[in-house]
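This report looks at a protein model together with its ligand. Please keep the sequence and the structure in view while reading.

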Amino acid sequence: MRILITGGTGLIGRRLCKALLAEGHDLTVLSRKPETVPSKCGAGVHAMASLREWQPSQTFDAVINLAGEPIIDQRWTDKRKQVLWDSRISLTEELVRRIAAAECKPAVLLSGSAIGYYGGRGDEELDENSTAGNDFPARLCIAWEAAARAAESLGVRVCLQRTGLVLSTEDGLLGRMIPPFRLGMGTRVGDGRQWMSWVHIEDLIAIMLRLLRDDQMHGPYNATSPQPVTNAEFTRTLASVLHRPAPFVAPAALLKLSMGESASLLLEGQRVLPKRLQAAQCRFAHPDLANALGDLLSDSGD
Ligand SMILES: NC(=O)c1ccc[n+]([C@@H]2O[C@H](COP(=O)([O-])OP(=O)(O)OC[C@H]3O[C@@H](n4cnc5c(N)ncnc54)[C@H](OP(=O)(O)O)[C@@H]3O)[C@@H](O)[C@H]2O)c1
C-alpha cells in the first residue's frame with residue numbers, strides 16, 4: 001500500500017513506520033523537518049514538507065493521522081491551547097480537504113484521538129459508548145474526531161484511535177519516569193487513586209495494523225490494555241520491576257501550582273476498556289502491567 005502518515009516522526013509514528021516498512025509498504029511522512037524523515041522513519045521513506053505538496057493525481061491507499069503538538073510539555077495558556085488545537089484540528093481539516101481533492105481517494109483514514117476524550121471520570125468504567133468529557137483535552141479530542149469523520153462523507157472508512165498512555169522506553173511518559181525511578185526517587189502522583197489506562201507500544205502498533213487492513217472496522221476504538229491500573233499501582237509496579245523503592249508523593253497542590261490546568265492530565269484519569277477491540281477478537285500480547293514493563297525494561301538492559 002502507498003501510505004501517507006502525519007506525525008510519522010513521533011514516538012508512535014517511528015515504530016509504526018518500522019512495522020509498515022517490514023511489510024513492504026511505500027511510505028510518505030509529513031514533517032516540518034523533512035530532512036529528518038529518513039533517519040527517524042527509515043531509509044526509503046518519502047518526506048512531505050506540507051500537505052500542499054499532495055497533488056490531486058497522487059494516490060495514497062491509506063492515510064494515518066498522528067500529528068499533534070505535545071500536550072503535557074507546557075502550561076495551557078490561551079496561546080498554547082490554540083497551538084495544540086491547530087496542530088490537530090486545523091491539520092486534520094486540511095488533510096480531509098486534500099482527500100476530497102484527490103482523484104483517487106484512500107480507502108481508509110486512521111486518525112488519532114486520545115482517552116482524554118472522556119475527561120476525568122473517577123472510577124467509572126468507560127467504553128467507546130461512554131459520553132465525552134467537557135474539559136480542554138476532551139473538547140480537543142471531540143473536535144479532532146469530528147474533523148476526521150468528515151472524510152466518511154467522501155466514502156473513506158474512518159477509524160478513530162483513542163490512544164491511552166503509550167508505554168515505550170524511548171520517550172513518552174514512561175521514558176521520562178524511568179530515570180528518577182532508577183535513582184530510587186519513584187513518586188506517586190497526588191492520592192494515587194486516578195486511573196492510568198496504558199498500552200504497550202507493540203500492542204498499539206498491532207492494533208493500528210489491524211485497523212488499517214480490516215475493512216469491517218470503523219469509528220472509535222479505545223487503544224488501551226484491558227487492565228488499566230491506578231497511579232498508586234502503576235508506581236508500585238514500576239518500582240518493583242526496577243527493584244527500587246518509590247518513597248515520594250507529588251502533592252496535588254504543588255502540581256496545580258506549577259502546571260496550572262494541565263495538571264489535570266496527571267491528577268485525573270480514566271478507567272478505559274478496549275471493548276470494541278476485544279469484540280473484534282484483538283489479542284493483547286501484554287495485557288498485564290508488570291509483564292509489559294518487564295518486557296520493555298528487559299529490552300533496555302534492566
Ligand atoms: N504517546 C502517547 O502516550 C499518546 C497518548 C494519547 C494520544 N497520543 C496522540 O497521538 C499522536 C502521536 O503521539 P506521539 O507520542 O507519537 O507524539 P510525538 O512523539 O509528540 O510526535 C508528534 C508528531 O506530530 C508532529 N507535530 C507536532 N507538532 C506539529 C505541528 N504544529 N504541526 C504539524 N505536525 C506537528 C511532529 O512531527 P514533525 O516534528 O516531524 O513535524 C511529531 O512527529 C499525538 O497527536 C498525541 O497527542 C499520544
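How many Å separate an oxygen atom of the ligand from an N or O atom in the side chain of arginine 88? The distance from that ligand oxygen to the N or O atom of the arginine 88 side chain is 2.7 Å, which fits the definition of a polar contact, a pair of N or O atoms within 3.5 Å.

## About the model

This is a predicted model, in which local features need pLDDT of at least 70 and side-chain atom pairs count only at pLDDT 80 or more, while totals for chains, interfaces and linings use all residues. Residues are numbered from 1 along each chain as its sequence is written, and side-chain values use heavy atoms, with hydrogens and water left out.

## Around the ligand

Besides arginine 88, the side chain of arginine 32 has an N or O atom 2.8 Å from an oxygen atom of the ligand, and a polar backbone atom of valine 166 lies 2.9 Å from a ligand oxygen. On its own the ligand has 880 Å² of accessible area, and the protein covers 81% of this (areas come from the Shrake-Rupley method with a 1.4 Å probe).

The elements that each give two or more residues to the shell around the ligand are α1 (11-22), α3 (78-101), β5 (108-114) and β8 (165-167), and the largest share, three residues, comes from α3. Helices (H or I, at least four residues) and strands (E, at least two) are DSSP runs, numbered from the N terminus. There are 21 residues around the ligand, of which Thr9, Leu11, Ser31, Arg32 and Arg88 come nearest; a residue counts as near when one of its heavy atoms lies within 4 Å.

## Cysteines

The structure holds zero disulfides, a disulfide being a pair of cysteine sulfur atoms within 2.5 Å. For cysteine 104 the closest cysteine sulfur, in cysteine 159, is 19 Å away, which is too far for a bond. For cysteine 159 the closest one is in cysteine 282, at 10 Å, and this too is too far for a bond.

Cysteine 159 is buried, with a relative accessible area of 0%, whereas cysteine 104 counts as partly exposed because its relative accessibility is 41%. Here buried means under 20% relative accessible area, exposed over 50%, and partly exposed in between (1.4 Å probe, protein chains only).

## Glycine 175

Glycine 175 belongs to helix α5 (residues 172-182) and counts as buried, at 18% relative accessibility. When residues up to four places away in sequence are not counted, glycine 175 touches Ser168 and Thr169, where contact means heavy atoms within 4.5 Å.

How values were computed: Polar contact = N/O pair within 3.5 Å; in protein donor to acceptor, adjacent residues only side chain to side chain.
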